[in-house]
Amino acid sequence: MKYIAPRGTVDILPDKIDGWIGLENILRTIAENYNVKEMRTPIFEHTELFNRAVGDTTDVVSKEMYSFEDKKGRSITLRPEGTAGIARSYVENKMYALPEKLQKVFYMGPMFRYERPQSGRQRQFHQFGVEMLGIESPYVDVECMMMALNIVQALNIRDVTLHINSLGDEASRDAYREALKDHFRPHLKELCYDCNTRFEKNPLRILDCKTDKDHPAMKSAPCTIDYLTETAKAHFDKVCELLDALEVKYVIDPNMVRGLDYYSHTIFELISDASVLGAGSTIGGGGRYNGLVEELGGPATPGVGFAFGMERLIIAMNNNHLESQHIDVYVMPLGEESKDYSMQLMAALRANGYCADMDFADRGLKGQFKSADRFVARFSFIIGEDEVENETITVKDNITKEQKQIKVEEIIDFLDSKLGVR
């Protein structure tokens, strides 16, 4: 039998991993700049968590989750998104009682959704997400947006536009739901089964329908911002005022609703017109979710966050600003005795913080120099009988092409002077 990876999953091979490591390093650096700390939650959770948090009328819960029963009959789901797990952990670990009221955390890792695989969207995919929990403020909304925009800028992804909207507070959403029902009621017979199912329970989800997205009733549906309460409108107006003050270009998109039920007030998406993704592609987004923690059994706790699909970032980046990984030293032994000597040398190099590798295939110098080039080695260390006997190393600088002999006891000082003390 020929074994292949399951549909919707991909192997990230060594020749592609540099881009991933480069992306992860940039994301971690920006998180550090914003004083956002890493948090790790389980890859699987109890299914009920996503039913409650994400919403059982969403496509994610109703169609796309990987759920199964464990050996004791408990329903378990591979996480389809990251916010629900963070909120569950926030409640379970009583993070709301910590001295610092605003908790800013990020996560990074695999998510799972059963959907049609396509470029940049697999059934196992990776997300980088940020959650800011504890304070309801338009300033925190904008803090989230600025961090998301900072990531896009740091990755040199161009032709990206910030789209924003407001779903309002609970009273706003109640009024909007009734307006949507009045609007869609005459068209129910023309809409799909899912839209009819959602009509009574959650008509907002009709706007997220992929089957009927081109129906005229979708385009003429009422807008959320027309039903905002005074409080909700003041919140959204302040968000816009802050973005204007920061000279951030944005588009108010009254038709945007996002695909998950926990959102309220400000929502936003970063839309790319990069040709590699296709015009109008969403590369990341998020928004405020003030009722989620309370829904999961915690105290009333406002929250706001965003997430990027990392595969889509990799595609959009198109390898911008990602240096290939390289090694400091490639050791080239010539003969068995030289290999013993080289192994001891590599141990010393690594103990002093240098990245080193050697030839294990007993090839000649020509083949070994090709490997040094492939590994982008800064230095090649040639070890033959003379070097072993004299306790020296023939060092070739692969940038300047200079070659000289150095005593083995001086080699760490030499590397420190060239590469910096590790």
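**Cavity, domains and helix packing**

The largest cavity has a volume of about 40 Å³. The structure described here is a predicted model. With a lower limit of 30 Å³ or more, the count comes to one cavity. Leu 167, Arg 173, Tyr 176, Arg 177, Leu 204 and Thr 224 line the largest cavity. Sorted by class, this lining holds three nonpolar, one polar and two charged residues. The two charged residues are Arg 173 and Arg 177, while Thr 224 is the polar one. Leu 167, Tyr 176 and Leu 204 make up the nonpolar part of the lining.

The domain assignment of the chain gives two entries. Domain 1 comprises residues 16-169 together with 229-317, and domain 2 comprises residues 329-419. The centres of domain 1 and domain 2, taken over C-alpha atoms, are separated by 47 Å.

Two helix pairs were examined for packing. In one of them, helix 1 (residues 14-33) packs against helix 11 (residues 310-317) at an angle of about 105°, and their axes lie 11 Å apart. Because angles of 65 to 115 degrees count as roughly perpendicular, helix 1 is roughly perpendicular to helix 11. On the side of helix 1, the contact is made by Gly 19, Trp 20, Leu 23, Glu 24 and Leu 27; on the side of helix 11, Met 310, Glu 311, Leu 313, Ile 314 and Met 317 take part. By class, seven nonpolar, one polar and two charged residues form this contact of helix 1 with helix 11. The charged residues are Glu 24 of helix 1 and Glu 311 of helix 11, and Gly 19 of helix 1 counts as polar.

The other pair consists of helix 2 (residues 47-55) and helix 4 (residues 83-92), which pack at an angle of about 105° with their axes 10 Å apart. Helix 2 and helix 4 are therefore roughly perpendicular to each other. Helix 2 contributes Leu 49, Phe 50 and Ala 53 to the contact, where they meet Ala 84, Gly 85 and Arg 88 of helix 4. The residues of this contact divide into four nonpolar, one polar and one charged. Arg 88 of helix 4 is the charged residue, and Gly 85 of helix 4 is the polar one.

How values were computed: Residues numbered from 1 in each chain as written. Predicted model: local features only at pLDDT ≥ 70, side-chain atom pairs only at ≥ 80, totals over all residues. Heavy atoms only, no water. Axes fitted to C-alpha atoms, helices over the stretch in contact; angles between N-to-C directions. Helix = DSSP H or I, 4+ residues; strand = E, 2+ residues; numbered from the N terminus. Parallel < 35°, antiparallel > 145°, perpendicular 65-115°, else oblique. Contact = heavy atoms within 4.5 Å. Domains from an automatic or database assignment. 1 Å grid on protein atoms, 1.4 Å probe; cavity = no way out; pocket = protein on both sides within 12 Å on 5 of 7 lines; lining within 4 Å. Points joined across faces, edges and corners; volume = space filled by probe spheres on them.
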